Amino acid sequence: VKERGRDGIAFFEQSMQVAASERLAIESELRRAISKGQFCLYYQPQFDYRSQRIEGAESLLRWQHPERGLIGPGAFIDVLEQSTLILEAGRQILHQACAFIAELLEAGLITPQFSLSVNISPRQFRHASFVDDVLEAIALHDIPTRCLSLEITEGIVIENINDTIDKMNLLRSHGVHFAIDDFGTGYSSLSYLKQLPVDLLKIDQSFVRDCPHNPNDAEIIRAIIAIATSLHLGLIAEGVETQEQLTFLHQQGCEQFQGYLFGRPMDASQLRSLLQNPPDY
Ligand code: C2E
Ligand code: CA
Ligand code: CA
Ligand code: CA
């Protein structure tokens, strides 16, 4: 850019301004979305190989935009997570998820063995009220704590690992489970991750996509499964789209799966019918 001299720099500054004003516009739209309750959760089933049943689901954020229709988080999650808006949105998400667990239990569609996971952004986790927010949502909807699982990423510990561990232990003492999402894609060392009191690792879909044909991905998957086994952690593979991927992952020792092969993210009523009439897998 520098070599292009003045014009290049001017162009650079101008595009930065556009990005900043665009960000502000998205932020104000997101603020409106939160106050008007336009965020809703979709749910993607999680399949357990041993029981051959759906034993959990992941909640995934969607924006029901009045003009533009349903919008996935790829289009707005960064802006949301980088502003304090994630705090209010995060509380809404926790409440919706807990309300849905209560409703499914009430309808007899799930047992307390079922787990619904919620994605937690680092900023939301680090906020002083986080533990209280989670416990409040659980208490308000009067659900068994073990039905709620929280997905965090390695990025959560960049500031203060002791604070992270304290919060996790506090929530776990109430029965909340923790999963490390996108495992293997961050920059944390294994000795660092080993200190986190988690229950489950999620094998990132980037490793699943080209397995078993890509030998590097296949090796990484074997290594992740070995880590989970030796640390006595649960394991779930995400992004499973084909029977071939499923067979490979199962042969390597993975028993839980999530991906289009078992169902795309779906709205609450679709998940209810799936639980009511489970297909033959
Ligand atoms: P993630 O947590 O890694 O979620 C998995 C993503 O993979 C989802 O995208 C899901 O729809 C997609 N997916 C599931 N199965 C398959 C498959 O078989 N093949 C392929 N190609 N993709 C599959 P989605 O719903 O667009 O969410 C994207 C990301 O947005 C999530 O990645 C998560 O990081 C973030 N996110 C979603 N919901 C929330 C939320 O409630 N709170 C926060 N903080 N972040 C969220
Ligand atoms: Ca996730
Ligand atoms: Ca993931
Ligand atoms: Ca991801």
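Biologist: Are Glu 58 and Asp 181 buried or exposed?

Modeller: This is a predicted model, and the areas are computed from it. Buried means under 20% relative accessible area. Asp 181 has 8%, so Asp 181 falls under that cut-off. Glu 58 shares the label: both residues are buried.

Biologist: Which protein donors hold the calcium ion (ligand 2)?

Modeller: Their distances from the ion run from 2.1 to 2.3 Å. Along the chain the spacing is E-x60-N-x31-E-x29-D. The donors are Glu 58 (OE), Asn 119 (OD1), Glu 151 (OE) and Asp 181 (OD).

Biologist: How many residues apart are Glu 58 and Asp 181?

Modeller: Both residues are donors to the calcium ion (ligand 2). Glu 58 belongs to strand S2, and Asp 181 to strand S6. The pair links distant parts of the chain, 123 residues apart.

Biologist: What coordinates the calcium ion (ligand 3)?

Modeller: The donor spacing here is D-D-x55-E. The distances are 2.2 to 2.6 Å. Glu 238 is listed twice, each time through OE. The full set is Asp 181 (OD), Asp 182 (OD), Glu 238 (OE) and Glu 238 (OE).

Biologist: Is Asp 182 buried, partly exposed or exposed?

Modeller: Buried needs under 20%, and exposed needs over 50%. Asp 182 has a relative accessible area of 25%, so it lies between those limits. Asp 182 is partly exposed.

Biologist: Which residue bridges the calcium ion (ligand 3) and the calcium ion (ligand 2)?

Modeller: The two ions lie 3.9 Å apart. One residue coordinates both. That residue is Asp 181.

Biologist: Where does ligand 1 sit, and how much of its area does the protein bury?

Modeller: Ligand 1 sits in the largest pocket. Taken alone, ligand 1 exposes 810 Å². Of that area the protein buries 81%.

Biologist: Which element gives the most to the shell around ligand 1?

Modeller: The shell has 21 residues, with Gln 44, Arg 62, Gln 205, Glu 241 and Tyr 260 the closest. Strand S2 (53–65), helix H2 (77–82) and strand S6 (177–183) each give two or more residues. With 4 residues, the top contributor is S2.

Biologist: How far is a backbone N or O atom of Tyr 260 from an oxygen atom of ligand 1?

Modeller: Start with two calcium donors that also have polar atoms by this ligand. A polar side-chain atom of Glu 58 is 3.2 Å from an oxygen atom of ligand 1. For a side-chain N or O atom of Asp 181, the distance to a ligand 1 oxygen is 3.0 Å. For the Tyr 260 backbone atom, the value is 2.8 Å.

Notes: Residues numbered from 1 in each chain as written. Chains lettered and ligands numbered in written order. Predicted model: local features only at pLDDT ≥ 70, side-chain atom pairs only at ≥ 80, totals over all residues. Heavy atoms only, no water. Donors = N, O, S within 2.8 Å, 3.2 Å for Na, K, Ca; no water. Buried < 20%, exposed > 50% of the residue type's maximum accessible area, 1.4 Å probe, protein only. Near = heavy atom within 4 Å. Polar contact = N/O pair within 3.5 Å; in protein donor to acceptor, adjacent residues only side chain to side chain. Areas by Shrake-Rupley, 256 points an atom, 1.4 Å probe, with all protein chains shown as cover. 1 Å grid on protein atoms, 1.4 Å probe; cavity = no way out; pocket = protein on both sides within 12 Å on 5 of 7 lines; lining within 4 Å. Sits in = over half its atoms within 2 Å of the grid points.
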